[in-house]
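Thanks for passing this one along. Here are my notes, written with the model open beside me.

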Amino acid sequence: MPALPALPPNAARLPTTPQLHALLTIIRDKNTPRSDFIFYSDRIIRLLVEEGLNHLPVLERTVMTPTGCPYTGVAFEGRICGVSILRAGEAMESGLRECCRSVRIGKILIQRDEETAKPKLFYAKLPEDIEHRWVLLLDPMLATGGSAIQAIQVLLDHGVKAERILFLNMIASPEGLDAIWNACPQVRVVSAWVDARLSAQNCIIPGLGDYGDRYYSG
Ligand code: PRP
């Protein structure tokens with residue numbers, strides 16, 4: 001198991017279990033066919049969403065069980081929505097829907113310039129009451145952090161409170177985590193795995209290549 005880099009205070013990662021390590025090994029393999037890439041990355045997304053939900057606040061709630069006993073448990077404090085950063089983030093929507101039935105999902109289209117790695121915003125369509133919701137921001141890859149920071153700014157511009165944004169990603173670079181911590185420290189980040197570094201071309205190393213290409217066009 002590789003050594004784990006230290007994380008900024010607003011970041012968390014999934015427990016580094018053998019299962020997670022094996023799933024990631026499959027999707028990192030350049031010889032993995034598209035159908036397996038989709039199946040195994042969907043497995044990781046499900047684990048990530050389940051862990052992400054643990055970071056949302058809950059309130060005490062008492063229910064009555066069929067045995068006639070009151071049971072004091074908890075319920076989520078507020079309503080949530082998902083927002084995917086297109087294209088690759090769309091791949092995480094079904095994993096969120098599996099855990100949160102009928103969840104509202106908005107979309108932000110941001111594309112990274114392949115030469116400069118700078119993000120460009122093309123489109124945003126968000127739930128009209130998003131300022132009252134907790135937002136699960138979805139994008140599998142966090143490289144320089146430029147796309148995520150721009151998407152976070154779109155959410156802030158729509159009235160979402162920074163502390164209500166939870167950014168879920170599968171593979172993060174230490175540089176991307178630092179960039180989000182420096183730009184918006186109140187936004188929390190949950191990653192399935194944190195890789196070693198960025199390359200000179202701003203690609204995650206070792207990474208898995210272009211997630212959108214591998215998920216959508218093999
Ligand atoms: C990739 C990836 C992230 C972004 C990460 O998307 O899905 O959105 O780059 O890089 P950054 O942290 O340096 O901004 P890309 O722009 O290639 O578009 P795609 O989703 O269509 O593949």
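The points below start with the ligand and then move on to a salt bridge and some backbone details.

1. First, a caveat to keep in mind: this is a predicted model. Every distance and angle below is computed from it.

2. Start with where the ligand is. The ligand sits in the largest pocket, and 15 residues surround it. The closest are Arg87, Arg112, Asp139, Thr144 and Ser147, so keep those in view as you rotate the model.

3. What is the make-up of the shell around the ligand, in nonpolar, polar and charged residues? The split is 5 nonpolar, 6 polar and 4 charged. As for the elements that contribute, strand 5 (104-112), strand 8 (141-142) and helix 4 (146-157) each supply at least two residues of that shell.

4. Now the polar contacts, which are worth checking one by one. An N or O atom in the side chain of Thr144 is 2.5 Å from an oxygen atom of the ligand. At Ala143, a polar backbone atom lies 2.9 Å from a ligand oxygen. Asp210 also takes part, with a polar side-chain atom 3.5 Å from an oxygen atom of the ligand. As for cover, the ligand taken alone exposes 490 Å², and the protein buries 92% of that.

5. On to charge pairs: the count comes to 11 salt bridges. One to look at joins Asp213 and Arg87, with the closest N and O atoms 3.0 Å apart. Asp213 belongs to helix 6 (residues 211-216), while Arg87 is in the loop between strand 4 (80-86) and helix 3 (93-99), so this pair ties together parts that are 126 residues apart in sequence. Remember that Arg87 is also among the closest residues to the ligand.

6. Arg87 deserves a second look for its backbone too. The peptide bond between Leu86 and Arg87 is cis, with omega about 5 degrees. Arg87 itself is in the loop between strand 4 and helix 3.

7. Where else should you check for a cis peptide bond? Go to the step from Ile205 to Pro206, where the bond is cis and omega is near 0 degrees. Pro206 falls in the loop between strand 12 (204-205) and helix 6.

8. Last, a backbone angle. Ala117 has a positive phi, near 65 degrees, although it is a residue other than glycine. You'll find Ala117 in the loop between strand 5 and strand 6 (119-125).

Methods: Residues are numbered from 1 along each chain as its sequence is written. This is a predicted model: local features need pLDDT of at least 70, side-chain atom pairs count only at pLDDT 80 or more; totals for chains, interfaces and linings use all residues. Side-chain values use heavy atoms; hydrogens and water are left out. A residue is near a molecule or strand if one of its heavy atoms lies within 4 Å of it. A polar contact is a pair of N or O atoms within 3.5 Å; within protein, one must be able to donate a hydrogen and the other to accept it, and residues adjacent in sequence count only if both atoms are side-chain atoms. Accessible areas come from the Shrake-Rupley method with a 1.4 Å probe; for residues, only the protein chains shown count as cover. On a 1 Å grid over the protein atoms alone, a cavity is a set of points where a 1.4 Å probe fits but cannot get out, and a pocket is an open set with protein on both sides within 12 Å along at least five of seven lines; lining residues have an atom within 4 Å of a point. A molecule sits in a cavity or pocket if more than half of its atoms lie within 2 Å of its grid points. Helices (H or I, at least four residues) and strands (E, at least two) are DSSP runs, numbered from the N terminus. Ala, Val, Leu, Ile, Met, Phe, Trp, Tyr, Cys and Pro count as nonpolar, Asp, Glu, Lys and Arg as charged, and the others, Gly among them, as polar. A salt bridge is a side-chain nitrogen of Lys or Arg within 4 Å of a carboxyl oxygen of Asp or Glu.
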